[in-house]
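Please read these notes with the sequence and the 3D view open beside them. Each point can be checked by eye or with a viewer.

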Amino acid sequence: MRDFSLALQDRIDIIIQNWIEAVRSDDQLETAKELTYNGVRDSVPIVLQAIVTMLSQSQESDIRTLVEKSLEHGTLRAKQGYDAEEIAREYRLLRWVIFEALEPELFKASAREVSRAYRLIDTALDEVIAKCFQTFTQERFQELKDLQNQLQLTNRELTRLVRANQENLSHLAHELKTPLTSIIGYSDLFLRQQENYSEIKGSVPNIGHIDRVLNSGRLLLRLINDTLEISRYEAGQIKLQLAAIRLPDVLATVVEIIEPLAKAKGLEIAVECHLSDDLVVTDCLRLQQIITNLVSNAIRYTTAGTVTIKSELLPDKYWTVTVSDTGIGIAPEDCDRIFQPYFRAENSLSSGIPDSTGLGLAIVARLVNLLQGKIELVSEVGVGSSFTIIFPLELDGV
């Protein structure tokens with residue numbers, strides 16, 4: 001019987017060279033293009049030598065060598081970044097190159113001899129592929145396990161840093177609030193004394209500076225309070241106090257608080273409540289905070305006209321509250337960003353408007369989410385804005 005082992009032995013170098021060229025020119029084997037010649041070749045020469053041994057009629061099959069080298073090959077390919085399809089494609093090319101190299105000898109052999117050669121080579125390569133995939137998969141699972149462990153450690157560290165940052169921010173904010181409150185109080189007292197006593201008024205030529213200190217202090221205090229509110233929300237520390245309430249009472253409280261600001265700018269506040277006899281379940285304090293922030297914002301950016309607060313009952317157990325104004329409006333490109341912390345929408349009409357903290361609408365969005373609602377904005381520059389919040393009559397899971 002013809003011995004194909006010698007023919008294969010003589011052509012090992014050619015087979016390896018042709019195989020590497022085929023791998024490098026295959027567009028679907030992208031990982032191989034990033035490797036060196038030796039990196040692609042790896043243990044293929046030893047695998048071919050083992051196949052030579054299996055084809056030899058005078059020696060026992062060398063399955064152990066095939067198994068050992070294919071196990072090493074699978075681990076290496078995983079570390080090199082191959083995917084499973086690329087490995088299968090490499091071995092498909094190797095099978096094709098081997099039979100191409102043996103083709104002259106196969107044409108001279110009998111059908112029985114050709115069948116035996118095909119069977120032995122296919123058996124060897126199938127064994128190589130099976131063991132290669134075994135260690136390739138094991139290496140991939142180990143990489144996933146290591147990655148999972150690293151992600152868990154990273155997540156714990158991030159949680160610790162976030163908690164520490166929130167605690168530091170809260171501590172710093174409270175430390176700043178005490179002297180700020182004192183500055184605001186004494187500045188306010190001094191201004192009231194200046195207004196009541198003409199002798200003090202005449203002795204203070206730069207009274208406007210005190211007024212600016214007072215305004216800046218109030219703005220900074222509001223910024224600190226708003227930052228604390230955002231921090232408490234992100235930390236999940238805001239607890240809802242739910243109760244059945246009458247919405248007209250809440251709106252009346254908001255108007256009572258905010259009306260002096262509207263009157264100071266000559267604005268009118270209009271209220272349309274269509275839930276006068278209906279009770280809604282919500283957190284009264286948080287709802288009042290949402291509406292107050294929206295109305296304050298409307299007053300800030302409205303120079304003339306009306307700010308309207310409207311509420312009504314919707315089908316399917318929902319209700320809404322809408323705050324509309326006749327102010328400067330918001331550009332379309334800013335409408336999606338207006339609820340981001342510290343973002344301030346600006347246009348040609350916003351000059352001269354006092355600075356805000358940039359946190360009011362961010363707080364509104366988070367409180368609305370906490371109360372399982374959603375907020376919609378319709379605005380046009382120079383015409384005005386309308387914020388509509390849709391709440392469920394009953395909160396899920398609460």
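The points below go from the whole chain to a sheet, a serine and a helix.

1. The model is predicted, not an experimental structure. Its chain contains 12 helices and seven strands. Of its 398 residues, 40% are buried.

2. The surface comes next. About 22,300 Å² of the chain is exposed, and 52% of this area is supplied by carbon and sulfur atoms.

3. How far apart in the chain are the residues that make contacts? Counting contacts with a separation of 6 or more, 72% are between residues 24 or more positions apart.

4. Five of the strands make an open sheet, and their order across it is β2-β4-β5-β7-β6. The pairing in this sheet is mixed. Which strands stand at the edges? They are β2, residues 268-273, and β6, residues 374-380. Each has a single partner strand, so one side of each has no neighbour in the sheet. On average, neighbouring strands are turned by 10 degrees against each other, with direction ignored.

5. The edge strand β6 deserves a closer look. Its link to β7 (residues 384-392) consists of seven bridges, and the two strands run antiparallel.

6. S379 is a residue of β6, and its bridge partner in β7 is S385. The side chains of S379 and S385 also make a polar contact, at 2.7 Å. In addition, a polar atom of the S379 side chain lies 3.3 Å from the backbone oxygen of G384. Leaving aside residues up to four places away in sequence, S379 touches G329, I330, G384 and S385. To follow this in the viewer, start at S379 and look for S385 in β7.

7. Helix α11 covers residues 284-300, which is 17 residues. Does its length fall in line with, or depart from, the expected span at 1.5 Å a residue? The expected span is 24 Å and the end C-alpha atoms are 24 Å apart, so the two agree.

8. At the N-terminal end of α11, D283 acts as a cap: one of its side-chain oxygens lies 3.1 Å from the backbone nitrogen of L285.

9. Which residues of α11 are buried? They are R286, L287, Q288, I290, I291, T292, L294, V295, A298 and I299. When reading this list, recall that an α-helix has 3.6 residues a turn, so residues three or four places apart point the same way. Among the buried residues of α11 are L287, I291, L294 and A298, which can be picked out in the viewer with that spacing in mind.

Note on methods. Residues are numbered from 1 along each chain as its sequence is written. This is a predicted model: local features need pLDDT of at least 70, side-chain atom pairs count only at pLDDT 80 or more; totals for chains, interfaces and linings use all residues. Side-chain values use heavy atoms; hydrogens and water are left out. Two strands pair if DSSP finds at least two bridges between them. Helices (H or I, at least four residues) and strands (E, at least two) are DSSP runs, numbered from the N terminus. Axes are lines fitted to C-alpha atoms, for helices over the stretch in contact, and angles run from 0 to 180 degrees between N-to-C directions. A polar contact is a pair of N or O atoms within 3.5 Å; within protein, one must be able to donate a hydrogen and the other to accept it, and residues adjacent in sequence count only if both atoms are side-chain atoms. Contact means heavy atoms within 4.5 Å. The expected span of a helix is 1.5 Å times one less than its number of residues. Buried means under 20% relative accessible area, exposed over 50%, partly exposed in between (1.4 Å probe, protein chains only). Accessible areas come from the Shrake-Rupley method with a 1.4 Å probe; for residues, only the protein chains shown count as cover.
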